[in-house]
Amino acid sequence: MSVFETVAVIGGGAWGTALAQASAMAGRATTLVVRTPEQADRINAARTNEAALPGQALLPNVTATSDPSEADVVVLAVPAQATRTLLSGFDPQLLAGRPVVLSAKGLETGTLARQSEILADMAPDAIGFVLSGPSFAADVAAGRPTAVTLAGDDANLTSDLAAALAGPSFRPYAADDRVGVEIAGALKNVYALACGAVDGAQLGASARAALIARGYAEMARMVTAMGGSAHTLTGLAGLGDLTLTCTSVQSRNYQFGMALGAGRRTEDILGSGAKLAEGVATAPVAAALARSLGVDAPLIDAVDAVVAGKADIATVVAGLMSRPLKREA
Ligand SMILES: NC(=O)C1=CN([C@@H]2O[C@H](COP(=O)(O)OP(=O)(O)OC[C@H]3O[C@@H](n4cnc5c(N)ncnc54)[C@H](O)[C@@H]3O)[C@@H](O)[C@H]2O)C=CC1
Ligand SMILES: O=C(CO)COP(=O)(O)O
């Protein structure tokens, strides 16, 4: 029997629902913590979270609630910008000494903080883990094969937790580089915006592939400067998720980028009810982080400029292509 029998997933969106389903498939008694009792009642009655993952039936061992109670493992699955607010309303006792799995992919506006840093600020006695990798919520929830990285500081605990969350279609690989995994997860959304924009502006598949490769190199500079390992990027949270998000129309960040590439402005896209695209908030934070670290990050800067409406795609592409030639390494 695992020491991790009960799991509480906080956040009733697409990803929280999918992770609750994955946890249930792994055999854990799982609660999905949503914002209101009415929402919880609706999900429990319909046995589906229609607002988040329409048509996806939930396993019997997923129960929705609006009232977080003790669980062996807590998974946070709200947008990166909401994590601090969420934790500020939480009873710290529910998290003390417990594994808390951070699954949002983004950097915090204002503080430039990674999700682990927010957790350390708000619940210093919790044991932080980071889960990231190529995994669309709809795929995970439907039981299509998915592999992700689960990073934590204690190797044995991380392996035990990975085993507790693993199911027939969900395969977490244990790792130890939380910084590398978090930076990779946050930055892939920024590059997905860029790739969507390249495709929206019909700049060609060659340009998109070049962007993925140069984005990977830029990501490696960022991870190394932050004390993470560039080797992490060869894995699921790096290459895996970068490839998925930069090449899939299903990605919300890619879709947002497509709209930018077609000439729409950020406010206009947001105003017309776009789905969550974490890269939009993360791009300026990543640009500020790169500056503070002295890291050359022309692609992040380009995305930041386009998202902020300070430059159009043609101008940033011309700027990138006319930079002084350099050696690849
Ligand atoms: N959807 C996907 O395929 C994947 C998403 N992620 C990450 O998961 C995070 C969440 O994304 P999604 O669930 O897809 O977004 P979503 O937009 O489907 O859902 C977000 C949910 O968070 C809730 N929420 C927002 N602020 C809250 C607060 N202060 N307290 C409680 N609940 C709050 C909202 O009510 C909503 O239910 C993002 O960082 C995303 O990058 C990671 C992997 C896959
Ligand atoms: O992170 C994801 C897949 O790994 C989901 O990407 P989007 O948020 O761009 O849809």
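**Notes on the predicted model**

1. Let me start with Arg221, which sits in helix α8. With 16 other C-beta atoms within 10 Å, Arg221 falls between the cut-offs of 20 or more for buried and 12 or fewer for exposed, so it counts as partly exposed. Have a look at its long-range partner too: Ala297 is 76 residues away in sequence, yet the two C-alpha atoms are 8.4 Å apart in space.

2. A word on confidence, as this is a predicted model. The protein chain has a mean pLDDT of 97, and 100% of its residues come in at 70 or more. The scores for the model are ipTM 0.99 and pTM 0.98. As a general caution, coordinates should not be read in detail where pLDDT is low; here, again, 100% of the chain's residues reach 70 or more.

3. On to the strands, beginning with β1, residues 6–10. Four of the five residues in β1 are buried, so this strand is mostly covered. On one side, β1 runs parallel to β2 (residues 29–33), and five bridges join them. If you want a residue pair to click on, Ala8 has Thr31 of β2 as its bridge partner. Helix α1 (residues 14–25) belongs to the connection: β1, α1 and β2 form a right-handed β-α-β unit.

4. β1 also pairs with β4 (residues 73–76), again in the parallel sense, this time over four bridges. Two contacts show the register: Val7 is opposite Val73 of β4, and Ile10 has Leu76 of β4 as its bridge partner.

5. Which way do the side chains of β4 point? Val73 and Val75 go one way, Val74 and Leu76 go the other, and all are buried. That fits the textbook picture, because side chains in a regular strand alternate between the two faces of the sheet.

6. What does β4 pair with besides β1? Three bridges join β4 to β5, and these two strands run parallel. Leu76 turns up again here, with Leu102 as its bridge partner in β5. To get from β4 to β5 the chain passes through helix α3 (residues 83–88), in a right-handed β-α-β crossover.

7. Two non-glycine residues with positive phi deserve a check. Leu112 has phi near 65 degrees and lies in the loop between β5 (99–102) and α4 (115–122). Its surroundings hold 15 other C-beta atoms within 10 Å, which means that Leu112 is partly exposed. Gln202, not a glycine either, has a positive phi of about 55 degrees; its place is the loop between α7 and α8 (205–225). Is Gln202 buried or exposed? It counts as exposed, because it has 9 C-beta neighbours inside 10 Å.

8. Last, the site around ligand 2. The shell has 13 residues, and the closest are Ser135, Asp241, Ser251, Arg252 and Asn253. Which helices each supply at least two residues of it? They are α7 (178–200), α9 (236–247) and α10 (252–261), with the largest share, three residues, coming from α9. By class, the shell is made up of four nonpolar, five polar and four charged residues. Both domains take part: domain 1 (6–176) and domain 2 (179–321) each give at least three residues to the shell.

Definitions and conventions
Residues numbered from 1 in each chain as written. Chains lettered and ligands numbered in written order. Predicted model: local features only at pLDDT ≥ 70, side-chain atom pairs only at ≥ 80, totals over all residues. pLDDT = per-residue confidence, 0-100. Near = placed C-beta within 6 Å. Nonpolar A, V, L, I, M, F, W, Y, C, P; charged D, E, K, R; others polar. Domains from an automatic or database assignment. Pairing = 2+ DSSP bridges. Right-handed = clockwise from strand over helix to strand, strands pointing away.
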